[in-house]
Amino acid sequence: MEYDNEEKGRLWLYENQYKKTDKHPVLTGNGEIHKDVLRKLVKQIKESGEETARCRGAAWERVSKRGDPYTFITIESDERKQKEPSDDVPF
């Protein structure tokens, strides 16, 4: 799939047709992650020393061309910096 210059991961989740118990997922599907997103996530882990990388997600409810409802999710690196406490007096 072409990315249109978007550096995101994408997931397409459909109703799980094989769900038989409450322990099975309600939605399942495939996805893809742009190589630049992976690079940013790896860089974030290396620089922070943490075991996980921060990311942001967004989701939309959509209907496929065949009429099947699905949830479309995008994932991207969360590069927002935590605000450092300031020593400056605010008044």
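Let me start with one pair of residues: Glu 15 stands opposite Leu 27 in β2. A word of caution first: this is a predicted model.

Now, which strands does that pair belong to? Strand β1 covers residues 9-15, and seven bridges join it to β2. The two run antiparallel.

Step back to the whole sheet. It is open, with four strands in the order β2-β1-β4-β3. The pairing is antiparallel. Which strands sit at the edges? They are β2, residues 27-33, and β3, residues 55-63. Each of these pairs on one side only. On average, neighbouring strands are turned by 20 degrees against each other, ignoring direction. A reminder on sheets in general: strands pair through backbone hydrogen bonds, either parallel or antiparallel.

Next, the other end of the strand order. Nine bridges connect β3 and β4, again in the antiparallel sense. Here Val 63 stands opposite Pro 69 in β4. How many residues lie between β3 and β4 in their hairpin? Five. Look at Gly 67 in that turn: its phi is positive, about 95 degrees.

Stay with these two strands and look at the rings. A pair of aromatic rings is described by the distance of the centres and the angle of the planes. The count here comes to three aromatic pairs. Take Trp 60 and Phe 72: the centres are 5.8 Å apart and the planes make an angle of 40 degrees, a tilted pair. Trp 60 lies in strand β3 and Phe 72 in strand β4, so the pair ties together parts that are twelve residues apart in sequence.

Are these two rings' residues buried or exposed? Phe 72 is buried, because its relative accessibility of 8% falls under the 20% limit. Trp 60 is partly exposed, because its 37% lies between 20% and 50%. There is a third member to mention. Ring pairs link Trp 12, Trp 60 and Phe 72 into a cluster.

Now the helix. Helix α1 spans residues 35-48 and lies across β1, β2, β3 and β4. Against β4, residues 69-77, the helix runs at about 50 degrees.

One residue to pick out on helix α1 is Arg 39. Buried or exposed? Arg 39 is exposed, because its relative accessibility of 52% is over the 50% limit. Its C-alpha atom is 9.3 Å from that of Ser 77. Along the chain, Arg 39 and Ser 77 are 38 residues apart.

To recap: four strands in an open antiparallel sheet, helix α1 lying across them, and a ring cluster of Trp 12, Trp 60 and Phe 72. Thanks, that's my slot.

Note on methods
Residues numbered from 1 in each chain as written. Predicted model: local features only at pLDDT ≥ 70, side-chain atom pairs only at ≥ 80, totals over all residues. Heavy atoms only, no water. Pairing = 2+ DSSP bridges. Axes fitted to C-alpha atoms, helices over the stretch in contact; angles between N-to-C directions. Contact = heavy atoms within 4.5 Å. Buried < 20%, exposed > 50% of the residue type's maximum accessible area, 1.4 Å probe, protein only. Phe/Tyr/Trp six-rings, centres within 6.5 Å; stacked < 30°, edge-to-face > 60°.
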